[in-house]
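Colleague: I have just opened this one and would like someone to walk me through it. Could you put it up on the screen?

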Amino acid sequence: MATMNATAYSFRPPVPTLRRDGNAIAILDQTQLPFRSEIRRLASTTEVAEAIASMRVRGAPLIGASAAFGIAIALATEGSDDATLDRALALLGATRPTAVNLHWALARMGAALRPLVPAHRPAAAWHEAEAIAADDAATCAAIGSHGLPLLADIAAQRGRVRVMTHCNAGWLATCGAGTALAPVYAAHTRGIAVEVLVSETRPRNQGLLTAWELREAGVPHTLIADNAAGLLLARGEVDIVITGADRIAANGDTANKVGTLLKALAARESGVPFYIAAPHSTLDFACADGTCIPIEDRGADELCIVRGIRCDGEGDGRVSALRQAPVGTAVANPAFDVTPARFIRGIITERGIVAPGELRRLYPERAR
Ligand code: MRU
């Protein structure tokens, strides 16, 4: 499969998802989207942990970068001794279990900071967190460049390319252009006729974030109910499926937002190629296969309560909540599923596109 030699591609998110603000960070609060672009200042480790757990910041790479800045905030405001560092690492590490980028970023922060004398740690922590964010932006750009030929080839044959995605793996989920959407933005920027089928992604509706992003960027797209994906794939109305990932095991089994597996199954049955786009920070070679990937269970309210703005002319334009299932309804809410490697045509990384079984070859330094 293709590796390297991709043309350079750059993308500047219209609003930074995350930026330093003194001894704090300013985030785009994704719980208010797609209705309000609200910037929220997080000035303590507890506030950063709350923002990650409640999904004010979300998407595997952005979760990792946010946690890294959370460590910097802890060392700048609470003290830079070992106990403070360990407490902050533990607090942030407990926020979300599936996205391995969180644990990757915290391990990187710990490894960079622990050997230093406490007095040197705060400045080094900001530096390392900024480096993680910059690395993510560069990684997203490379994923866009490597994924572009896939879309360009289809468009050259068929006159256009129809991409189905799931959840949100665009700029909102990263510090750069996104993962699954990076090739889409690269294609759109080059004038390739690309259209995106965006599945709603119940229960948290991250598809609405994807639709918002694509609308802001002028990329043609259509929002669909999750349950419509099988029909559209079977009818030949999709050329390629690309989703992001939260953790990829050594054999290529991939955890992503719940519902990804159903798309992969339907794509395989319909003969539509299914790709994952993900950075190195999503790889977990310590997991031999998907059976050891922890799957996050989230609360019942995510299914029982719907969120949006009032459409009767009342309200202040802020997001409010409506209960749709009675309190006490028995609910199961697994937030991710695992797509077996055999359903995945290729993984689009910053180093190139590989078959799932070739990941160890592409990352020999990580596979030891
Ligand atoms: O629960 P979320 O919204 O954090 O889940 C996000 C996803 O599943 C994304 O597809 C994944 O993190 C890749 S983001 C580039």
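Modeller: We can go through the confidence of the model, then the ligand and its surroundings, and finally some backbone details.

Colleague: Okay, what is the mean pLDDT of the chain?

Modeller: This is a predicted model, and the mean pLDDT of its chain is 95, with 97% of the residues reaching 70 or more. Over residues 1–5, however, the pLDDT is below 50, although this stretch has 17 contacts in the model beyond near neighbours in sequence. Where pLDDT is low, the predicted coordinates should not be read in detail.

Colleague: Now the ligand. Which residues come nearest to it?

Modeller: There are 20 residues around the ligand, and of these R58, R96, D246, N256 and K257 come nearest.

Colleague: And how far is the side chain of R58 from an oxygen atom of the ligand?

Modeller: An N or O atom in the side chain of R58 is 2.5 Å from a ligand oxygen. For D246, a polar side-chain atom lies 2.7 Å from an oxygen atom of the ligand, and for K257 the distance from a side-chain N or O atom to a ligand oxygen is 2.8 Å.

Colleague: How much of the ligand's accessible area does the protein cover?

Modeller: On its own the ligand has 410 Å² of accessible area, and the protein covers 100% of that. As for its location, the ligand sits in the largest cavity.

Colleague: Which elements give two or more residues to the shell around the ligand?

Modeller: Those elements are helix 2, which spans 60–77, and strand 9, which spans 254–257. Helix 2 provides the largest share of the shell, namely three residues.

Colleague: Changing topic, where are the cis peptide bonds at P34 and P203?

Modeller: One joins L33 and P34, with omega about 5°, and P34 is in the loop between strand 2 (24–28) and strand 3 (39–42). The other runs from R202 to P203, where omega is near 5°, and P203 is placed in the loop between strand 5 (194–199) and helix 7 (206–217).

Colleague: And what is the phi of M55?

Modeller: M55 has a positive phi of about 70°, although M55 is not a glycine. Along the chain, M55 is found in the loop between helix 1 (45–53) and helix 2.

Terms used:
Residues are numbered from 1 along each chain as its sequence is written. This is a predicted model: local features need pLDDT of at least 70, side-chain atom pairs count only at pLDDT 80 or more; totals for chains, interfaces and linings use all residues. Side-chain values use heavy atoms; hydrogens and water are left out. pLDDT is the predictor's confidence in each residue, from 0 to 100. Contact means heavy atoms within 4.5 Å. A residue is near a molecule or strand if one of its heavy atoms lies within 4 Å of it. A polar contact is a pair of N or O atoms within 3.5 Å; within protein, one must be able to donate a hydrogen and the other to accept it, and residues adjacent in sequence count only if both atoms are side-chain atoms. Accessible areas come from the Shrake-Rupley method with a 1.4 Å probe; for residues, only the protein chains shown count as cover. On a 1 Å grid over the protein atoms alone, a cavity is a set of points where a 1.4 Å probe fits but cannot get out, and a pocket is an open set with protein on both sides within 12 Å along at least five of seven lines; lining residues have an atom within 4 Å of a point. A molecule sits in a cavity or pocket if more than half of its atoms lie within 2 Å of its grid points. Helices (H or I, at least four residues) and strands (E, at least two) are DSSP runs, numbered from the N terminus.
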